[in-house]
Amino acid sequence: MKSQAQVVVIGGGVVGCSVLYHLTKAGWKDVVLVERDELTSGSTWHAAGGMHTINGDPNVAKLQQYTINLYKEIERISGQSCGVHITGGVMLAGTRERLDWLKMVQARGRYLGMKLDLISVDEAHRLFPIMDKKHFVGALYDPIEGHIDPSGVTNAYAKAARIQGAEIYRHTRVTGLTQRADGSWDVITEKGNILAEHVVNAGGLWAREVGRMVGLELPLLAMEHQYLITEEIPEVVASPHEMLHAIDFEGEIYMRQEGRGMLMGTYERAGKPWSERSTPWDFSTELLPPDLDRIAPSLEVGFRHYPAIERAGIKKVINGPFVFAPDGNPVIGPVRGLRNYWLACGVMAGFSQGGGVGLSLSNWMVHGDPGGDIWGMDCARFGDWATTAYAHAKVRENYSRRFRIRFPNEELPAARRLRMTPVYDRLAAKGALFGVTYGLEYALWFGPDGRTPTEEVTFRRSSAHAPVAEECRAVRNAVGLMETSTYARYEVAGAGAEPWLQKMLSNRMPREGRIVLTPMLNHQGRLIGDFTVARLGSDRFYVFGSGIAEDYHMRWFEAHLPDHGVSIRPLRSEMLGLSIAGPRSRELLQRLTHEDVSNAAFPFRSFRRLDLGMIPALVGRLTYTGDLGYEIWMKADNQLALYELLVEHGADLGLRHFGSRALSSLRLEKSWGGWAREYRPIYGPCEAGLDLFVDAKKNDFIGRDAALKERDAGPQRRLVTMVVDAKDADVIGDEPIAVDGQVVGWVTSGGYAHHIGKSVAMGYVKAAFAKPGADLRIEIIGDWRKAALAPRPLFDPEGLRMRG
């Protein structure tokens, strides 16, 4: 066994072996994998082996496509068969709502290059003859689905990696990890130590234990998962082709052919965790006792929907543990505060996603960037609030809902009321319906007359439509009040603060008492942040950004922080926010302070300390509504008092509370994008229309050369705003945009813009079509709707309201 290596990968399941292979493919040959038992022991060996390309996140779907296409490559290099069966697959809809969802999946597949066909029940029966047609209303056919041999795939990765220079040590358990001052790691094993520059935690069932070796408590939980294999089925034997992979959403079951029978598994609602706190080190190629009573409700539905399976009888039951993250997606990437420690955990769909995980992580390690937008898998999406109890509650919920629809306006109940601000109860008393982001409760919209509303879950306009319209009218005609604690807040201070921010951000830093808007770019010139920067003093700045990306951005900031001269700290718990917006917001603010807040004294994008009543606050003259307004920041223990002051003094001005639904409607009228939708690491600043905030005269910011190259060459696509001829449904995001039947782009976000009374979408289209008069169409729930390009903001295009 080596005593030194560039990388040690811990864990010999499909994910660990994929990471190992991709590192060698990227050029790092001095890499080893350490496995406590045999390759595949743990979860990999007993997996059902299904694979598919469909995923709710288009960027993850691309990686799943990559994974499936990769199998030919590793077979060729290794000489090891992966046992690939490309059978095609059907997703079966038993309700009209599910059929609508399938239409949306098909639409998303159009711009991803996927050949998905919406088919009738009769056609589905022809392709999958063991189904009983009377239980279904339609189906979606995907030709690139099927199954593989889990052992074959894992060993193909391993053999290909060894051929390319890697080494694998079986029966070698890691017992500890110790980091040296230079960032390297002593990997302590039962057979000796390895000094490694990098460590990858691909521990699977033991990922929590490997995390605890470095002080991490990962948000993961193992769940028991069962599938059964039937006896011989005559219809299967008689079929001229292998049975398709199938998903029955109403039955919450999946199926594929196994031998001369069928394999049928379920994600039951009464899911059962396994070994909740820790995984025994001596657990190996073992199965858990069958528990058919727990999955009986799903089996009963399955037997009704597929009578041939009921007639065949059960040959074997497999019950084994798999590890899940709170949202069901992988947990990968570098860990903030732990140099050269990488995660590749929680990959429950390893044979659909394992190749993509290996590719992304190896790119990140070798090149400093994952090579694409993998926000949906990035470990930074979970902050320190994602405790073990939180993870357990969300994993149970996610497991039980794996085959259920998550409507765009649906809020899930598990692990709620975790993070609340002091005004939570006051907002609730005003009738707020709450959502949650980054663990924080926030108001979506307010029920009429202060009654907490209920909202039907739907893909179409809901009962919130009219109340949200009233909130928008209040902002545009009088004054609205909203909590803004969902934004991330950072304080940057020190003699080196300004030059450091000049390097990190693309715009020039503001003068004292002023605010600038600025993107943050990676070295490839792609967008990794969208910030407001306010300067309070010569060496003190406040930076505001997306709340969900706090850990993501702090990881980047800290990785580029010099040893002295500048400090940065997040203000999540100590600074909270409120915002007032609308034509009477200045009048309201003036009532609370003796300072002059007229336009002359306190112009647009100003930032200053103000005493509001008895409360010291920081006030910025801007809002995301695109109207006259102010963002007000205060200490957490002052928020409730300031809130009450605003409500009291705003009552006769027509003050009304508004939530995030109204804010989204209002920002669409200004063509303003948002992080994780319009602004993501797959877009450049010119494409996104943020080139105005890239100061090319600076020669010191990260991504400058790449951004200028994009500017000089001209962007290949552009972010546009469109007015959509919609019926009762607005865009949600990820719908295709087409011209003459050819897809030319995709929607990033949208909704109904209540003040102007139009349905609006934002999205990226090929640059040639980003001009007025382009005959654009957007597919909304299977219906192609006309979309007219809006060359200027739909509300206050000159910005007179917000500047006046």
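The legends below describe close-up views of a predicted model.

**View 1. The hairpin formed by strands E18 and E19.** Strand E18, which covers residues 331-334, pairs with strand E19, residues 341-345, in the antiparallel sense, and four bridges join the two. Within this pairing, Gly 333 has Leu 343 of E19 as its bridge partner. Six residues lie between E18 and E19 in the hairpin, and in the turn Gly 337 has a positive phi of about 85 degrees.

**View 2. The second largest pocket and its lining.** This pocket has a volume of about 820 Å³. Its lining is made up of 33 residues, of which Pro 334, Trp 364, Arg 555, Trp 556 and Ala 559 are the closest to the centre of the pocket. Two or more lining residues come from each of the elements strand E12 (192-201), strand E19, helix H10 (350-367) and helix H15 (550-559). Helix H15 gives the most to the lining of the second largest pocket, with five residues. By residue type, the lining of this pocket divides into 16 nonpolar, nine polar and eight charged residues.

**View 3. A barrel of six strands.** The strands of this barrel follow one another in the order E33-E36-E35-E34-E37-E38, and they close into the barrel with antiparallel pairing. On average, and with direction ignored, neighbouring strands of this sheet are turned by 45 degrees against each other. One of the pairings is that of strand E35 (residues 742-753) with strand E36 (residues 758-766), which is antiparallel and runs over eight bridges. In that pairing, Ala 753 has Lys 758 of E36 as its bridge partner. Helix H18, residues 660-668, packs on the sheet, where it touches strand E33 (717-724) together with E35 and E36, and the direction of the helix makes about 125 degrees with that of E35.

**View 4. An open sheet of five strands, with helix H15 packed on it.** The strands of this open sheet stand in the order E24-E25-E26-E23-E27, and their pairing is antiparallel. Strand E24 (515-521) and strand E27 (567-570) are the edge strands, each of which pairs on one side only. Neighbouring strands of this sheet are turned against each other by 25 degrees on average, direction ignored. Strand E25, residues 527-537, and strand E26, residues 540-545, run antiparallel and are joined by five bridges, and the bridge partner of Arg 535 in E26 is Phe 541. Helix H15 packs on the sheet, touching strand E23 (488-493) as well as E24, E25 and E27, and its direction makes about 75 degrees with that of E25. H15 is also the element that gives the most residues to the lining of the second largest pocket.

**View 5. Two residues with a positive phi, Ala 415 and Asp 449.** Most residues other than glycine have a negative phi. Ala 415, although not a glycine, has a positive phi of about 55 degrees, and its place is in the loop between helix H11 (388-400) and helix H12 (424-429). With a relative accessible area of 24%, Ala 415 is partly exposed. Asp 449, which is not a glycine either, has a positive phi of about 60 degrees and is found in the loop between strand E21 (440-446) and helix H13 (465-477). Asp 449 counts as exposed because its relative accessibility is 71%, where exposed means over 50%.

Definitions and conventions
Residues are numbered from 1 along each chain as its sequence is written. This is a predicted model: local features need pLDDT of at least 70, side-chain atom pairs count only at pLDDT 80 or more; totals for chains, interfaces and linings use all residues. Side-chain values use heavy atoms; hydrogens and water are left out. Two strands pair if DSSP finds at least two bridges between them. On a 1 Å grid over the protein atoms alone, a cavity is a set of points where a 1.4 Å probe fits but cannot get out, and a pocket is an open set with protein on both sides within 12 Å along at least five of seven lines; lining residues have an atom within 4 Å of a point. Grid points are joined across faces, edges and corners, and a volume is the space filled by probe spheres set on the points. Ala, Val, Leu, Ile, Met, Phe, Trp, Tyr, Cys and Pro count as nonpolar, Asp, Glu, Lys and Arg as charged, and the others, Gly among them, as polar. Axes are lines fitted to C-alpha atoms, for helices over the stretch in contact, and angles run from 0 to 180 degrees between N-to-C directions. Contact means heavy atoms within 4.5 Å. Buried means under 20% relative accessible area, exposed over 50%, partly exposed in between (1.4 Å probe, protein chains only).
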